[in-house]
Amino acid sequence: KMPCPNCHPRTADGRFSEDVGLEQQPVVYAALDLASKRWTCRECEACWEEDRFANAVQLDYSEECRIGSAVTDYVQKVYTNCFHDLPHGKERASLELEAYTRLGFRHWATLLLDFSLLDALTTQLLGFSALGLGASGKEALAPDTESIVSAYATTAEGLLARLQAIQCADYSAACFAEYFMNAAYLLSEFRRKDTALQIAKFVKPYVMSCLPSPVKDPFRELLTSLQRKASVGAARRVIFHSDFLRITESGNLSHSEIDHYKHIAEHFVKEACYSTSALIYSGLPKSADLAIEDDRARREMVADLHSNAAECFLKLGMFAEAESCASQSITAMPTSKALNCLQVAQENLGRSMDRE
């Protein structure tokens, strides 16, 4: 579907307003009938052959393919490297503006962009969950965590509304069940339970009728907890991006990959995204023993990574984690940075214990 060119006239360069592109106002769509290869609008009753419709929307097939290819290329980059275009997503924002104002809210390319964003945010929040930054305590979420949770909730709600509005909503729930199940689990953990409940209800018929018990039973528990407004356990890992998995768990990165992800972590620190940086810095030492043969170079790298992680945890107010990372850094190779981090962490832990 595309916004009807009669009901929503384009500008001279073939665009329509962002309000129309993002469905921030009522939008009338023209739909393609595959059998007759004709576009029709039920509202104004206009009808076009394919070539005439392309002229009406000022978008020929080659231009549509160009935008679609740019979107799929971007999605592939994100799939290959989940840190691509983060934290601000400037490349995605530029693509989004063109796709929405040229193709509309319900075109496959704009839908793919939003599912790609949802997947990237899922990856980050699963990492934050692994660091214990979910809703286990009553303290406020860190600012960068809260920002990502808000973007995640908005994206999930937008996708849910779009899929509920189409005729084949049940089919959509089946196709995108894993995305939405992830969203329900994570949003429940990160204190967005109302949104989590809406999403869980959307995929419930498919999950309960089509998926095996190892998936169905935890989902039933989640749904019951959300309906009773009870506490929900840690997020169930349905999808986990390979980059995060290799950093945090596998320990099989090469020396050059360690340098690459260390550089990415430094970029996130400059953007004050300390949660993501802490996750990367604390995971990379697992790969150093096998990846770096020279003993001194290995100890220097491990010490630097752990001390960097300690600094990030201090920024997050996670003093026990900071103390642990600083101690590991000193064990590998004592540095003034690690010793300072250890002192600050222990002072804060001491003050906390004094208040108790």
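1. The natural place to begin is the largest pocket of this predicted model, whose lining is made up of 36 residues. Lys-1, Met-2, Ala-31, Leu-32 and Arg-106 are the lining residues that lie nearest the centre of the pocket, and its volume comes to about 1,100 Å³. Several elements each supply at least two residues of the lining, namely strand E2 (29–33), strand E3 (38–41), helix H2 (50–56), helix H3 (61–80), helix H5 (108–130), helix H6 (143–165) and helix H7 (169–175). As general background, empty space of this kind is found by rolling a probe the size of a water molecule over the atoms.

2. For the chain as a whole, the secondary structure comes to 17 helices and four strands, and the C-alpha atoms fill a box of roughly 75 × 45 × 35 Å along the principal axes. Of the 356 residues, 47% count as buried. When contacts between residues at least 6 apart in sequence are considered, 66% of these contacts join residues at least 24 apart.

3. Turning to the surface and the charges, the chain exposes about 17,700 Å², of which carbon and sulfur atoms supply 51%. There are 37 positive and 48 negative charges in the chain, and the mean positions of the two sets are 5 Å apart.

4. Helix H9 (residues 193–210) offers a useful example, beginning with Leu-197, which is found in this helix. Leu-197 counts as buried because its relative accessible area is 17%, which is under the 20% limit for that class. Leaving out residues up to four places away in sequence, Leu-197 touches Leu-223, Leu-226 and Gln-227. The C-alpha atoms of Leu-197 and Glu-221 are separated by 12 Å, and these two residues are 24 places apart along the chain.

5. Ala-200 also lies in helix H9, and here the relative accessibility is 0%, so Ala-200 counts as buried. With residues up to four places away in sequence set aside, Ala-200 touches Ala-184, Phe-219, Leu-223 and Leu-226. Ala-200 and Phe-219 are 19 residues apart in sequence, while their C-alpha atoms are 8.3 Å apart in space. A student may wish to note that Leu-223 and Leu-226 appear among the contacts of Leu-197 and also among those of Ala-200.

6. Two serines deserve a careful look, and one of them, Ser-307, lies in helix H15 (residues 295–316). Ser-307 is buried, with a relative accessible area of 1%, and, not counting residues up to four places away in sequence, it touches Ser-329, Lys-337, Ala-338 and Cys-341. Ser-287 lies in helix H14 (residues 285–291), and at 0% relative accessibility Ser-287 counts as buried. Leaving aside its neighbours within four places in sequence, Ser-287 is in contact with Gly-251, Asn-252, Leu-253 and Ile-258.

7. Some backbone angles should be checked as well, since most residues other than glycine have a negative phi. Glu-23, in the loop between helix H1 (18–21) and E2, has a positive phi near 55°, and with a relative accessible area of 26% Glu-23 is partly exposed. Glu-45, which is placed in the loop between E3 and strand E4 (47–49), has a positive phi of about 65° although it is not a glycine. Is Glu-45 buried or exposed? Glu-45 counts as exposed, because its relative accessibility is 70%, and the class begins over 50%.

Technical notes. Residues numbered from 1 in each chain as written. Predicted model: local features only at pLDDT ≥ 70, side-chain atom pairs only at ≥ 80, totals over all residues. Heavy atoms only, no water. Buried < 20%, exposed > 50% of the residue type's maximum accessible area, 1.4 Å probe, protein only. Contact = heavy atoms within 4.5 Å. Areas by Shrake-Rupley, 256 points an atom, 1.4 Å probe, with all protein chains shown as cover. Lys, Arg positive; Asp, Glu negative; His and termini not counted. Charge placed at Lys NZ, Arg CZ, Asp CG, Glu CD. 1 Å grid on protein atoms, 1.4 Å probe; cavity = no way out; pocket = protein on both sides within 12 Å on 5 of 7 lines; lining within 4 Å. Points joined across faces, edges and corners; volume = space filled by probe spheres on them.
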